[in-house]
Amino acid sequence: MAATFPLPTAQSATSVILVTGGCGYIGSHFVVQLLETGYGVVVVDDLSNSTTESIRRAETIAQRAILSFYQVSVCDTNALRRVFELYEFDAVIHFAGLKSVAESVSDPLSYYSGNVGGMVSLMSVMKEFGVFKLVFSSSATVYGHPHYLPIDESHPLTPTNPYGHSKLMCEQVARDMCRSDPRFKVALLRYFNPIGAHSSALIGESPLSTPNNLLPCITQVLASRLPALRVFGTDWPTHDGTGVRDFVHVVDLASAHLRAVRVLGQVDGQRRKEAKEAKKAKEAKEAKEPKEKEKDGNCFTWNIGTGQGYSVMQIVRAAESASRKTVPLVLSPPRPGDCAHVVANPSLANSQLRWSPKFGVDEMVRSAWEFQKWNPEGYNAGVDLLPVTRGASDNYAPVVLSICANDDTTPTRVCSNLLGLFSYSNAHKRTKSCTEVSISGTTSYSASAFGDDEEEDGAAKKVFGLSTRMLGV
Ligand SMILES: O=c1ccn([C@@H]2O[C@H](COP(=O)(O)OP(=O)(O)O[C@H]3O[C@H](CO)[C@@H](O)[C@H](O)[C@H]3O)[C@@H](O)[C@H]2O)c(=O)[nH]1
């Protein structure tokens, strides 16, 4: 029986979204959601800290292809123009940017030219081509050291490093553009600490260089890629002496962007409606609008965090429990510039965006570990996932593989990671010792069906052999 996956073409896509930095950690999770929701997706990324492998995997998860990828820096205004000439974008989601606090201190010009210059370049091309909806990746770093907790959007903005200043300047560019032209509608999303990975374990955080952030450090220690976790500060005024942060699952964070795109779309409809309303009704309505809107036109700022704080040691314990391993620790002095406690007040996003996080901290940490476990070398493992075929209605013959798992391994993940499958079915059933999974679209293995016994067929044996060799299952 042939499986059919809908692969909408550019023509059938209702709305086309440009994602800058779409190959990165957060961008790739967002691309999955855009594809799953039916948007047409164009990605630009200069690949300075990412690879296109993440996009191929996002397509695998969503079983849909993006419309196009362009290796373009947002700072390259002419190259951006050429992309805008090809599509009528409904909105732009701007993830592209540099994000290392330490690097920004040693090389501030790169952060001002890359992040602020990139924002100016992007917004100028948006204006030129009449694209007015923008969702921007901002950061809780714009608040600097907390004056009070939890941090709401009215908290003073006092960044402590060039990275934070560059994000705040980008926000200012957006605010000023909204004030100067009421057609602009911008969502500034201030992320707290994004962690975790997609449940498929196909995409996750895969830094090209040595990680600085807590979770990738922990998972790399668990994978024996780093010898030990340095715990920066054990004498903070927190419940266990280690730093407390507001960790948010990257999938929840991605869905906040989807909500923001929708809310900005409603601003459009709202404006048209308001234009038709009687003056009195309009005034009454405007009186209820958030202050932010009066001040900044259609520029909205939302904290994206859970409102819950977890300490470094709580995260370490969660990782040990997810991996059933021990994290060797080196207790170290505080990192320069760090602070004890950073927790969001996300109530504005909860009410105005109608966004609230679904995943708890255990799931965040578990999924981060799963990604590390199945992708020990990140995206550079040499696993060759085939691209999703760009076509209207390709039919693929399903292949049923039987994979023996001696733990609760998710079979789709094993198959997708190891066999270069470009689409898979979520339908699977488990037997006592073996797990069956229906998979579509393998060119490497063309056998049609196997039973529970992997010895039954040479190809099945080969598949199983590959998984055992590469993963130690
Ligand atoms: O190897 C490590 C790495 C981190 N930490 C601690 O873990 C906590 C979280 O650190 P990290 O993951 O580096 O995040 P933050 O320092 O909170 O910074 C993140 O969150 C900020 C917003 O709150 C953003 O501005 C930054 O870009 C982003 O990296 C802090 O207490 C660190 O001292 C360790 O103990 N050991």
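**Note on the ligand site, a small sheet and the cysteines**

1. In this predicted model, a polar side-chain atom of Arg335 lies 2.9 Å from an oxygen atom of the ligand. Two further side chains make contacts of this kind. An N or O atom in the side chain of Asp338 is 2.5 Å from a ligand oxygen, and for the side chain of Asn193 the corresponding distance to an oxygen atom of the ligand is 3.0 Å.

2. How much of the ligand's accessible area does the protein cover? On its own the ligand has 690 Å² of accessible area, and the protein covers 89% of it.

3. The surroundings of the ligand comprise 18 residues. Those that come nearest are Thr141, Asn213, Arg230, Arg245 and Asp338. Asp338 is thus named here and also through its side-chain contact with a ligand oxygen at 2.5 Å.

4. As to composition, the shell around the ligand holds eight nonpolar, six polar and four charged residues. Two elements each give two or more residues to this shell: helix H7, spanning 214–222, and strand S9, spanning 229–232. The largest share comes from S9, with four residues.

5. A separate point concerns an open sheet of three strands, in the order S13-S10-S15 and with mixed pairing. Strand S13 (310–311) and strand S15 (341–342) are its edge strands, each pairing on one side only. In general, the strands of a sheet pair through backbone hydrogen bonds, in either a parallel or an antiparallel manner.

6. Within this sheet, strand S10 (residues 244–245) and S15 run parallel and are joined by two bridges. Arg245 stands opposite Val342 in S15. Arg245 is also among the residues that come nearest to the ligand, which gives the reader a convenient place from which to view both the sheet and the ligand site.

7. The cysteines deserve a brief remark. A disulfide is a covalent bond between the sulfur atoms of two cysteines. The count of disulfides in this model is zero. Cys75 is in no disulfide, and the nearest cysteine sulfur, that of Cys170, is 9.7 Å away.

8. Why does the sulfur of Cys170 form no bond with that of Cys75? The closest cysteine sulfur to Cys170 is the one in Cys75, and because the two are 9.7 Å apart, they are too far for a bond; the cut-off applied is 2.5 Å.

9. Are these two cysteines buried or exposed? Cys170 is buried, with a relative accessible area of 1%, whereas Cys75 counts as partly exposed at 36% relative accessibility.

Technical notes: Residues are numbered from 1 along each chain as its sequence is written. This is a predicted model: local features need pLDDT of at least 70, side-chain atom pairs count only at pLDDT 80 or more; totals for chains, interfaces and linings use all residues. Side-chain values use heavy atoms; hydrogens and water are left out. A residue is near a molecule or strand if one of its heavy atoms lies within 4 Å of it. A polar contact is a pair of N or O atoms within 3.5 Å; within protein, one must be able to donate a hydrogen and the other to accept it, and residues adjacent in sequence count only if both atoms are side-chain atoms. Accessible areas come from the Shrake-Rupley method with a 1.4 Å probe; for residues, only the protein chains shown count as cover. Ala, Val, Leu, Ile, Met, Phe, Trp, Tyr, Cys and Pro count as nonpolar, Asp, Glu, Lys and Arg as charged, and the others, Gly among them, as polar. Two strands pair if DSSP finds at least two bridges between them. Buried means under 20% relative accessible area, exposed over 50%, partly exposed in between (1.4 Å probe, protein chains only).
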